Amino acid sequence: MAQYQNMVFSTAMRLVANQSEAEDISQEVFLKAYERFAQLRDSPTVAGWLKTVATNMSLNHLSRYRKRWTFFSDLGGDSEDGGPEIEFADPSNIAEDLEGTDRHHLVEQALQKLPPAQRVPLVLFHLEGLRYEEIAAKLNVSLGKVKTDIFRAREALRKKLQMHLAEERG
């Protein structure tokens with residue numbers, strides 16, 4: 001457990017962005033692992049299994065509370081009919097500006113401030129390595145919606161980081 005607790009917790013935390021909920025999910029993941037201890041004890045894939053369970057339990061947790069939040073892209077009335085594919089520009093390079101700061105911590109904080117509809121697909125894509133199609137299937141939304149939410153999350157994250165840099169300089 002000690003070997004994997006940080007990985008499980010950070011996976012849940014990135015998705016639910018709430019420490020106590022991430023702790024509860026982590027505890028549930030390790031309870032499931034305990035139930036399967038005999039199978040997992042010598043398995044070389046235990047880390048992958050734990051990460052998958054943590055991801056799925058976090059998504060299940062979010063889907064239980066989905067009615068409490070609205071997808072950001074739904075507010076704009078975007079068409080789900082497979083309209084023109086959106087081209088995503090690379091966000092401006094702010095890496096040089098972030099020298100001397102704890103980038104990881106800063107990005108994690110900004111990520112937690114994103115609404116779940118943006119944070120979840122972004123985390124699944126960039127941090128969990130899922131493809132757009134896999135994210136759409138896991139979240140039970142259209143492919144266009146996933147692309148739009150990830151694009152908007154990148155833009156919001158870029159703006160939050162730029163605001164932080166402006167505050168730091170000012």
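Which residues in helix 1 are buried? Let's start there, and keep in mind that we're looking at a predicted model.

So, helix 1 covers residues 5-16, which gives it 12 residues. From its first C-alpha to its last it reaches 16 Å, close to the 16 Å you'd expect at 1.5 Å a residue. Now for the buried ones: they are Val8, Thr11, Ala12, Met13, Arg14, Leu15 and Val16. Right after helix 1 comes alanine 17, and its phi is positive, near 55°.

Hold on to Thr11 and Leu15 from that list of buried residues, as we'll meet them again in a minute.

Okay, next up, helix packing. Take helix 2, residues 19-35, and helix 4, residues 46-64. Their axes are 9 Å apart, and the two helices pack at an angle of about 130°. That angle is why helix 2 counts as oblique to helix 4. As for handedness, helix 2 and helix 4 make a right-handed crossing.

Who's touching whom here? On the helix 2 side you've got Glu21, Ile25, Glu28, Val29, Phe30, Lys32 and Ala33. They meet Trp49, Leu50, Val53, Ala54, Met57, Ser58 and His61 of helix 4. Sort that contact by class and you get 9 nonpolar, 2 polar and 3 charged residues.

If you're scanning those numbers for a pattern, here's a handy reminder: an α-helix has 3.6 residues a turn, so residues three or four places apart point the same way.

Helix 4 also packs with helix 7, which is residues 116-127. This time the angle is about 165° and the axes are 12 Å apart. Anything over 145 degrees counts as roughly antiparallel, so that's how helix 4 and helix 7 run relative to each other. Their crossing is left-handed. Helix 4 brings Lys51, Thr55, Leu59 and Leu62 to this contact, while helix 7 brings Val120, Leu124 and Leu127. By class, that's 5 nonpolar, 1 polar and 1 charged residues.

Let me finish with one residue from that contact, threonine 55. You'll find it in helix 4. Is threonine 55 buried or exposed? Its relative accessibility is 6%, so threonine 55 counts as buried. And what does threonine 55 contact, leaving aside neighbours within four places in sequence? The partners are Thr11, Leu15, Leu124 and Glu128. Thr11 and Leu15 are the two I asked you to remember, both buried in helix 1, and Leu124 is one of the helix 7 residues in the contact with helix 4.

Notes
Residues are numbered from 1 along each chain as its sequence is written. This is a predicted model: local features need pLDDT of at least 70, side-chain atom pairs count only at pLDDT 80 or more; totals for chains, interfaces and linings use all residues. Side-chain values use heavy atoms; hydrogens and water are left out. Helices (H or I, at least four residues) and strands (E, at least two) are DSSP runs, numbered from the N terminus. The expected span of a helix is 1.5 Å times one less than its number of residues. Buried means under 20% relative accessible area, exposed over 50%, partly exposed in between (1.4 Å probe, protein chains only). Axes are lines fitted to C-alpha atoms, for helices over the stretch in contact, and angles run from 0 to 180 degrees between N-to-C directions. Angles under 35 degrees count as roughly parallel, over 145 as roughly antiparallel, 65 to 115 as roughly perpendicular and the rest as oblique. A crossing is left-handed if the near helix is turned anticlockwise from the far one by less than a right angle, and right-handed if clockwise. Contact means heavy atoms within 4.5 Å. Ala, Val, Leu, Ile, Met, Phe, Trp, Tyr, Cys and Pro count as nonpolar, Asp, Glu, Lys and Arg as charged, and the others, Gly among them, as polar.
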